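Colleague: I should like to take a close look at a single part of this model. Please treat it in one connected account.

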Amino acid sequence: MFSQFETWYRDRHDYARRWKERTGGKVFGCFCSYVPEEILVAADILPVRVLGNHEPQDVTEQHLFGMFCPFCRDVLAQGLKGRYEYLDGITIAQSCIHLRQTYRSWEENVPHDFTYYLPHPMHVASPHAVPYLYEELKKFRAAVEQFTGKPLSDDDLDRGIRLVNENRAALHELYAHRKGPVPKLSGLEAMWVTVSSMWVDKEEHTAELRKVLAQLDEREEQFGDGTRLMLVGSENDDTDFIRMVEAVGATVVTDDHCTGTRYFWNETPELDDRIEAIAKRYVERPACPAKDHVARTRFPHILKLARDFDVAGVILIQQKFCDPHEADMVPLRSYLEENGFPTLFLEFDVTVPMGQFRIRTEAFLEMLMEEDLF
Ligand code: SF4
């Protein structure tokens, strides 16, 4: 049922190359989930989230310190190895320091026709965040228009907003099928769908997802026996890890990370000024910890997700050396535990020590089962 999404997940570069051949369009690499995809889609540009490949590499040492997060080093390695040679442009919405430096290193060492560093508010709870982003998005729109040679009309922007929102709505419906006592899909399948939505043409992805949604109620395969878990933390698209977690007796039913719900959770509202609508959407979306200080608005959001999806426990994932998540991890852990959700903390590297993580996950699941019994 989910084989198309698995193929898109695995063959992401082939997909983008074929899309270019088929449409003659441009492809932009996006270094953060805060890049306003609506504007790119409106300009007939395919946004492709740049991610790592989870394999050991030795090409980034001269560009990034070893204490940069493994995700950033893995991402840069993909560029240096030429895996994204089909990109016409790259862009980043101001992110954590590690990713910003990764972007700058990529910009210097991997040539592209277009690069754009989009300043983005780091204090998203500030009343100045929307007006600030509004002005920056106008400049970004102008740069995209100059690159494509085509001005964007309100109709174009409406189309971009609609296509991205429709995909978000379909992803929401998919997640709703994970809420009941018998989830209709595994966490691994959900990861294939969500992560592939970050590079597959939105219209095509939504159409495929709609086909699956129409059949899900009738699905015979059951996922109700596993202990219900939530994954929270840094970027996480490691399918081997989630496969292992589900193989030892869990079912992952929801998440809060930037290749999961944080990417699609809220829609762009309908406003007369389309750029203001997009600015509001990116300021008001579930925050990345790099942008959530001092308010920490994401804590109650995570708690609500844990309750709504009725999870028994939470696995907290942190990419090694990730400062924003590290700063949140201790208070987040206490917050979840005080509210009745036991946690397991795991530190990720480019490749994860699967044997050790398996033993720790099994012990965590055992503890959850014992708590359930007594
Ligand atoms: S927020 Fe953390 S995991 Fe994400 S890019 Fe920055 S340092 Fe790496």
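In which helix is the place of Lys202?

Modeller: In this predicted model, Lys202 belongs to helix 9, which comprises residues 202-216. The relative accessibility of Lys202 is 5%, and Lys202 counts as buried because that value lies under 20%. The side chain of Lys202 is joined to the side chain of Tyr263 by a polar contact of 2.6 Å. Tyr263 also appears among the residues in contact with Lys202 once neighbours within four places in sequence are left aside; the others are Glu37, Val41, Leu163, Val164, Asn167 and Ser197.

Helix 9 is also one of the elements against which the buried residues of helix 2 pack, together with helix 1 (3-10), strand 1 (26-30) and strand 2 (45-49). Helix 2 itself consists of twelve residues, 12-23. From its first C-alpha to its last, helix 2 reaches 16 Å, close to the 16 Å expected at 1.5 Å a residue. Its buried residues are Arg12, His13, Tyr15, Ala16 and Trp19. These residues lie on the same side of helix 2, because the arc they cover around the axis is only 160 degrees. On the face turned away from this buried side, helix 2 carries the exposed residues Glu21 and Arg22. After helix 2 comes Gly24, which has a positive phi near 70 degrees.

Note on methods
Residues numbered from 1 in each chain as written. Predicted model: local features only at pLDDT ≥ 70, side-chain atom pairs only at ≥ 80, totals over all residues. Heavy atoms only, no water. Helix = DSSP H or I, 4+ residues; strand = E, 2+ residues; numbered from the N terminus. Buried < 20%, exposed > 50% of the residue type's maximum accessible area, 1.4 Å probe, protein only. Polar contact = N/O pair within 3.5 Å; in protein donor to acceptor, adjacent residues only side chain to side chain. Contact = heavy atoms within 4.5 Å. Expected span 1.5 Å × (residues − 1). Arc of directions from axis to C-beta.
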